[in-house]
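Please take a moment to look over the sequence and the model, and then follow the paragraphs below, which move from one residue outward to its surroundings.

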Amino acid sequence: MKTILVVEDDKKVASFLEQGLREDGYAVDVAHDGRDGSLKAHTHDYDLIILDVMLPEKTGLDILTALRRGGSGGPILMLTARDAAAERVRGG
């Protein structure tokens, strides 16, 4: 079974994602802040990480940077409400 980590501080959004992914047959872990998300991302080998950009404790971009510097090349889907092109490109 594929395992997905959802790191999202908005509990309604996180719950919606978790429910939909579970209904599609995925195992899902959820973290509601950057510190917990970073710990889980560095501790487990996820098939996909869905990562909010703006998080309490540690930003999604901080987590992404640490994972990539640590050699993780796994897929990460960034979520953001920001609309400026420069902000969207920065996550790449």
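In which loop does Y46 lie? In this predicted model, Y46 is found in the loop between α2 and β3. Although Y46 belongs to a loop, this residue counts as buried, because its relative accessible area is 9%, which is under the limit of 20%.

To see what surrounds Y46, it helps to turn to the sheet. Four strands, in the order β2-β1-β3-β4, make up an open sheet with parallel pairing, and its edge strands, each pairing on one side only, are β2 (27-31) and β4 (76-79). Between neighbouring strands of this sheet the turn is 15° on average, with direction ignored. Strand β1, which covers residues 3-7, is joined to β2 by five bridges in the parallel sense, and within β2 it is D29 that serves as the bridge partner of L5.

Two helices pack on this sheet. Helix α1 (residues 11-23) touches β1, β2, β3 (48-52) and β4, and its direction makes about 170° with that of β2. Helix α2 (residues 34-43) touches β1, β2 and β3, and the angle between its direction and that of β2 is about 140°.

With these elements in place, the surroundings of Y46 can be described. Once its neighbours within four places in sequence are left aside, Y46 is in contact with T3, I4, L5, D29, K40 and A41. Y46 and I4 stand 42 residues apart in sequence, yet their C-alpha atoms are 5.6 Å apart in space. With D29, the bridge partner of L5, Y46 also makes a polar contact from side chain to side chain, at 2.6 Å.

Notes
Residues are numbered from 1 along each chain as its sequence is written. This is a predicted model: local features need pLDDT of at least 70, side-chain atom pairs count only at pLDDT 80 or more; totals for chains, interfaces and linings use all residues. Side-chain values use heavy atoms; hydrogens and water are left out. Two strands pair if DSSP finds at least two bridges between them. Axes are lines fitted to C-alpha atoms, for helices over the stretch in contact, and angles run from 0 to 180 degrees between N-to-C directions. Contact means heavy atoms within 4.5 Å. Buried means under 20% relative accessible area, exposed over 50%, partly exposed in between (1.4 Å probe, protein chains only). A polar contact is a pair of N or O atoms within 3.5 Å; within protein, one must be able to donate a hydrogen and the other to accept it, and residues adjacent in sequence count only if both atoms are side-chain atoms.
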